[in-house]
Amino acid sequence: MALEQDSGDQLRDASGTRLRRLKGRLFEVALLGATLVGILSLVVLFGYISFDAFQPLTASIRWYLLYFGTVVTPTAGFTWYARRHPAVRTANAKAYAVMFGALTVTLAMYVIADSVSPYDVLIYLLFGTVPPLVVSIYAHVTNERTYTGPLMPIAAGVGLAVAALFYGVFRPFMGILAQWIAYFGITTLPVAGILGIVVTRRWSPRRGVITATAVLLGTVLVAGGLLGVGIDPSFWIVVFSAFVVPVGYVLGSTVLTEPAGRIGVLGPFVLVGGVLVGATLERQLGIQGLESFLTPALLLNSWDGLHASNAGVYPQIVGSIVVVGFMALLAFPVGISAAVYLEEYAPKSGWGGRLATLLEVNIANLAGVPSVVYGLLGLALFRNTFGFGTGIVVSASGTLGLLILPIVVVSAQEAIRSVPDSLREASYGMGASRWQTLRNVVFPEAIPGILTGTILALARAIGETAPLVIIAVATTTYTPPEGLFSSATALPLQIFAARSNVDPSFRHGIVPATAVVLLVLMLVMNATAVAVRNRYEQDI
């Protein structure tokens, strides 16, 4: 009897094991199916948009053969070679990142400074960086780290507040300077300082000073040469400082310090050179190319609601960059600071602990509030309370900042909470203060998670339409914003407005092309945050 009972138990156990395995396999298949359906849906959607935007059937076979021979084949061959050699692959990825990243930053910096005014940017840059720099120098001289660390962000905030309060006093004096000097101050000086610090940490202080001085003198020579031939050097100062200098430093140091992979720096040049050769041959041979709606006119012109060939979204691109950029300056410092307080400084018991818990619950709930509600909040706050004009940059940025603030706080809290307490206790055991522990231990571990929340927040904010409509942001403008208190619009609003145009070429050409521009802009912002996050993860 005992033997029969044991056999029965074994049979039931075997049957239960097979059933659990079957459930696991079915669940795995269901997950795989859901993933494939989601990916396929996105591919179909993006394919549909790209088909309308690029019009691939309008190009001849010769055009496809030309670019296959000048762009696809050389780039694919070089990439295949790079992937077989780890050192070359690393150098190739670094070259692509620095070239296209620096190009994006250069264009964004010039567009924002040109629309907002380089003098305004210089004022806020000086008052936002000089006070923390003074505190840092004091800390270095006196070796005081307990209070000077938390004082640096406070000093930056006070400096920005002073700049805002006395803007009318400082602005006339700044206006005396030539415009190219303002661009020199907002691009060349920061780049020279950052590069000097990098070289100092990597090699020696002497080389750092020489590098910073070379950047300053090189930019002055570029400006002087252009002024000598009667050309305004403002744009070229930005290009030299924010593109040529970083690219030259990264590629040059890669060639000198990584001999095994130095050939990898040629990757971007192979791609860009192939595009230029293909474009030249296309023009010389008279080959029929794409009749795409995604043209330089779309990127550089103002809006034209009558003729699709003349329609441009340059003011909308600038408006999106300015609104989202100022939103990030407003929301991210506040959100991360709030997360740091709630996780590191807020009391865990008593009335203070109950209040902190109540705040955390409400912040988590606010992350799920519909965006239309935030539009009403922005309307009540910025229009009815502060009396700001309708559709200005400050109102739009502030409303979107309120929208993403709970996301930033919650994601930053989770990232800080994930840092093991053993690391904090080890830091305290070595005599570090709370600020030193936060700066040297907690933040380096938490930054990848914080940047993940940043990516999610940017992705949500740049595509929002309802809050901007509620606060009366114009759907169409014909000039880029000229300051934080000027009117502006964004790409999602222009897509929304162009969709109702009676001309089919707008609905099936301009709208998809503008959507592609919006997606590229979003991907560039996200890719920048991802690159920074991955860099911190590698350092960890």
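User: How do the residues in the lining of the second largest pocket divide into nonpolar, polar and charged?

Analyst: Good place to start! In this predicted model, that lining has 11 nonpolar, 2 polar and 3 charged residues. The pocket's volume is about 320 Å³. It is lined by 16 residues, and I49, I495, V511, A515 and L519 are the closest to its centre. Ile, Val, Ala and Leu count as nonpolar, so these five residues belong in the nonpolar group.

User: Which helix gives the largest share of that lining?

Analyst: That is α20, with 8 residues. Helices α1 (2-54), α17 (434-462) and α20 (504-539) each supply at least two.

User: Why is S486 called buried or exposed?

Analyst: Let's set its value against the cut-off. S486 has a relative accessibility of 18%, and buried means under 20%, so S486 counts as buried. You will find S486 in the loop between α18 (466-470) and α19 (491-498). Beyond residues up to four places away in sequence, S486 touches G391, I392, V393 and P481.

User: What makes R417 and E343 a salt bridge?

Analyst: Check the distance. The closest N and O atoms of R417 and E343 are 2.6 Å apart, and the rule asks for a side-chain nitrogen of Lys or Arg within 4 Å of a carboxyl oxygen of Asp or Glu, so the pair qualifies. R417 sits in helix α15 and E343 in helix α12, so this bridge ties together parts 74 residues apart in sequence.

User: How do you know whether R417 and E343 are buried, exposed or partly exposed?

Analyst: The cut-offs help again: under 20% is buried, over 50% is exposed, and partly exposed is in between. R417, at 41%, is therefore partly exposed, whereas E343, at 15%, is buried.

User: What separates R417 and E414 along helix α15?

Analyst: About one helical turn, because they are 3 residues apart in α15. They also form a salt bridge, with closest N and O atoms 3.0 Å apart.

User: What about D421 and R424: why is each called buried or exposed?

Analyst: D421 has 51% relative accessibility, which is over 50%, so D421 counts as exposed. R424 has 10%, which is under 20%, so R424 is buried. Their side chains meet in a salt bridge (3.0 Å, N to O), and both lie in helix α16 (residues 421-429).

User: Which residues do salt bridges with shared partners join into one network?

Analyst: E343, E414 and R417.

Note on methods: Residues are numbered from 1 along each chain as its sequence is written. This is a predicted model: local features need pLDDT of at least 70, side-chain atom pairs count only at pLDDT 80 or more; totals for chains, interfaces and linings use all residues. Side-chain values use heavy atoms; hydrogens and water are left out. Helices (H or I, at least four residues) and strands (E, at least two) are DSSP runs, numbered from the N terminus. Buried means under 20% relative accessible area, exposed over 50%, partly exposed in between (1.4 Å probe, protein chains only). Contact means heavy atoms within 4.5 Å. On a 1 Å grid over the protein atoms alone, a cavity is a set of points where a 1.4 Å probe fits but cannot get out, and a pocket is an open set with protein on both sides within 12 Å along at least five of seven lines; lining residues have an atom within 4 Å of a point. Grid points are joined across faces, edges and corners, and a volume is the space filled by probe spheres set on the points.
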